[in-house]
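Me: I should like to go through this structure by question and answer. Please reason from the coordinates and close each reply on the value or name requested.

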Amino acid sequence: CIRDRITCQQLLSILNEFSFESTKLQFAKDAYKSVTDKNNYFMINDVFAFQSSKDDLLEFLDRIH
């Protein structure tokens, strides 16, 4: 879990270090609360290879808003 505040760009860099799509997705969800520029969170979808992961993240964001 990320305790400090980070930007979407920093989160993208972290997510690119993960090999597994499911790990990236879970980390992206867990990190959302720590992101300072939530208005740029759409950038995070660029890290995912599968449309299902992109859709899952968008559904997660819809649920928490």
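Me: In which helix is Leu12 found, and is Leu12 buried or exposed?
Reply: In this predicted model, Leu12 belongs to helix H1. Its relative accessible area is 11%. Since buried means under 20%, Leu12 in H1 counts as buried.

Me: Which residues is Leu12 in contact with, leaving aside its neighbours within four places in sequence?
Reply: The C-alpha atoms of Leu12 and Met43 are separated by 7.9 Å, although the two residues are 31 apart along the chain. Contact is a matter of heavy atoms within 4.5 Å. Beyond the sequence neighbours within four places, the contacts of Leu12 are Met43, Ile44 and Val47.

Me: How many helices and strands are there in the protein chain, and what pattern does the chain follow along the sequence?
Reply: The protein chain has three helices and zero strands. Read along the sequence, its pattern is therefore α-α-α.

Me: What is the radius of gyration of the protein chain, and what does the globule rule give for 65 residues?
Reply: The C-alpha trace spans about 25 × 25 × 20 Å along its principal axes. The radius of gyration is close to what the globule rule gives for 65 residues, so the chain is as compact as a globular protein of that length. Both the chain and the rule come to 11 Å.

Me: Among contacts between residues at least 6 apart in sequence, what percentage join residues at least 24 apart?
Reply: Buried residues make up 40% of the 65 residues in the chain. Leu12 and Met43 exemplify a long separation, being 31 residues apart along the chain, and they are in contact. Of the contacts between residues at least 6 apart, the share that joins residues at least 24 apart is 64%.

Me: Which side chains meet in a salt bridge, and how many salt bridges does a search of the whole structure find?
Reply: Side chains of opposite charge can pair when their charged atoms come close. Here a nitrogen and an oxygen lie 2.8 Å apart, which is within the 4 Å limit for a salt bridge. The search of the whole structure finds one such bridge, and its partners are Lys29 and Asp56.

Me: Which helices hold Lys29 and Asp56, and is Lys29 buried or exposed?
Reply: The pair links distant parts of the chain, 27 residues apart, with Lys29 in helix H2 (residues 21-31) and Asp56 in helix H3 (residues 51-64). Asp56 has a relative accessible area of 26% and is partly exposed. Lys29 has a relative accessibility of 16%, so this residue of H2 counts as buried.

Me: What covers the buried residues of H2?
Reply: The buried residues of H2 are Glu21, Lys24, Leu25, Ala28, Lys29 and Ala31. One of them, Lys29, has its salt-bridge partner in H3. The cover over these buried residues includes helix H1 (8-15) and H3.

Me: Where does Ser53 lie, and which residues does Ser53 touch, not counting residues up to four places away in sequence?
Reply: Ser53 lies in helix H3 and is buried, with a relative accessible area of 7%. Its C-alpha atom is separated by 9.9 Å from that of Gln26, 27 residues apart along the chain. Apart from residues up to four places away in sequence, Ser53 touches Glu21, Leu25 and Phe48.

Me: What is the relative accessible area of Tyr41, and where does Tyr41 lie?
Reply: Tyr41 lies in the loop between H2 and H3. Its contacts beyond four places in sequence are Cys8, Leu11, Ala28, Lys29, Ala31, Tyr32, Val35, Leu57 and Leu61. Tyr41 is buried, and its relative accessible area is 2%.

Me: Which side chain of opposite charge is nearest to Asp37?
Reply: Asp37 is placed in the loop between H2 and H3. Leaving aside neighbours within four places in sequence, Asp37 contacts Ile6, Thr7 and Cys8. Asp37 is buried yet has no salt bridge, and at 7.9 Å the nearest side chain of opposite charge is Lys38.

How values were computed
Residues numbered from 1 in each chain as written. Predicted model: local features only at pLDDT ≥ 70, side-chain atom pairs only at ≥ 80, totals over all residues. Heavy atoms only, no water. Helix = DSSP H or I, 4+ residues; strand = E, 2+ residues; numbered from the N terminus. Buried < 20%, exposed > 50% of the residue type's maximum accessible area, 1.4 Å probe, protein only. Rg over C-alpha atoms; globule rule 2.2 N^0.38 Å. Lys, Arg positive; Asp, Glu negative; His and termini not counted.
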